[in-house]
Amino acid sequence: MIRLFFYRTYQLLIAAPLLLIATFITAVVTAVGCTLGKARIWSYVPMKYWSRMFCRLFFLPVRVEGQEHLQPSQSYVFVANHQGAFDIFLVSGFLGRNFKWMMKRELRNLPLIGKACEDAGHIFVDKRSPKAIRHTYEQARNVLQNGTSLFVFPEGARTFTGHMGLFRKGAFQLAEEIGLPVVPVTINGSFQVLPRTRGFNFITWYPLTLTIHAPIPTKDVREPEVRQKAYDSIMDSLPSDLQGYVENKDQ
């Protein structure tokens, strides 16, 4: 109890203020840097170190497995389970690849952060019409070149239980259309650190693991088969108590 009291006091009085300042600085640096030029660098590097700062300030150990599966100059579509809020920091800080997020169109309206994400070239999904969907695909095609990849949470929403829900097909259709391999990624530990059921709250210390699986080629393979292979790879790497499908009504 004493250790928990000091850890939470540290979070409130030291970590949180530092991270608020770091978030503001990162958003401004990203927006300004991308506007001035070399968006490939400014869209990735500030986010990477901001995310690592999040994990380090809370003393969360991070382990990354499977980076040997990736080729340096190859672009990929990464897909992962969505355990909690710390997924963002784990992936951004430790994946080790220059990538763009595929995110909900509504996130563009976030003050400052939405603008920084737009300037950084992250892809906002617009499903309001077939024309809008086609525009999203064209944007992705233009961005995902020369080793720049895409990262997607195909569940579309964070889990309530730690278990996986269904995978939507959009990311896999996009990978098939553009001709990029799909790389499954298993996230573990983020649910224990800060599950969505706790809302905005103190975090719990817990190790974080990012497991990168072998790429799945999309050429001459049907989308449902690629999606199922990715789902099974991610599921099989979760702890036994988190394996198995559980319906997520927020999907």
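**Salt bridges, sheet and helix packing**

Lys-229 and Glu-225 are joined by a side-chain salt bridge, with an N to O distance of 3.5 Å. The two residues are 4 apart in helix α9, so about one helical turn separates them. Lys-229 is partly exposed, at 40% relative accessibility. Glu-225 is likewise partly exposed, at 41%. The model is predicted.

A salt bridge also links Glu-223 and Arg-227, whose closest N and O atoms lie 2.6 Å apart. Both residues belong to helix α9, which spans residues 223-236. Their spacing is 4 residues, about one turn of the helix. Glu-223 is buried, because its relative accessible area of 9% falls under 20%. Arg-227 has a relative accessible area of 23% and is partly exposed.

Another salt bridge connects the side chains of Glu-65 and Arg-63, at 2.7 Å from N to O. Glu-65 is partly exposed, with a relative accessible area of 32%. Arg-63 is also partly exposed, at 46% relative accessibility. Neither residue counts as exposed, because that class begins over 50%. The model has 4 salt bridges by the rule applied.

The sheet is described next. It is open and built from 7 strands, in the order β1-β7-β6-β2-β5-β3-β4. Its pairing is mixed. Strands β1 (62-65) and β4 (123-125) form the edges, and each pairs on one side only. From one strand to the next, the twist averages 25 degrees.

Within this sheet, strand β3 (residues 99-104) runs parallel to strand β5 (residues 149-152). The pair is held over 3 bridges. Trp-101 has Phe-151 of β5 as its bridge partner. Helix α7 (residues 170-178) packs on the sheet. The strands touched by α7 are β2 (77-80), β3, β5 and β6 (182-188). The directions of α7 and β2 make an angle of about 165 degrees.

Helix α7 also meets helix α9. The two axes come within 9 Å and cross at roughly 120 degrees. The helices are therefore oblique to each other, because roughly perpendicular covers 65 to 115 degrees and roughly antiparallel requires over 145. The crossing of α7 past α9 is right-handed. On the α7 side, the contact involves Phe-172, Gln-173 and Glu-176. On the α9 side, the residues are Glu-223, Val-226, Arg-227 and Ala-230. Glu-223 and Arg-227 thus appear both in this contact and in a salt bridge with each other.

Ser-75 offers a further local view. Ser-75 sits in the loop between β1 and β2. At 5% relative accessibility, Ser-75 is buried, because the class covers values under 20%. Beyond its neighbours within four places in sequence, Ser-75 is in contact with Leu-144, Gln-145, Asn-146, Gly-147, Thr-148, Ser-149, Leu-180 and Pro-181. One of these contacts, Ser-149, falls within the residue range of β5, 149-152. Ile-88 lies 13 residues from Ser-75 along the chain, and their C-alpha atoms are separated by 20 Å.

Conventions. Residues numbered from 1 in each chain as written. Predicted model: local features only at pLDDT ≥ 70, side-chain atom pairs only at ≥ 80, totals over all residues. Heavy atoms only, no water. Buried < 20%, exposed > 50% of the residue type's maximum accessible area, 1.4 Å probe, protein only. Pairing = 2+ DSSP bridges. Axes fitted to C-alpha atoms, helices over the stretch in contact; angles between N-to-C directions. Contact = heavy atoms within 4.5 Å. Parallel < 35°, antiparallel > 145°, perpendicular 65-115°, else oblique. Left-handed = near helix turned anticlockwise from the far one by under 90°.
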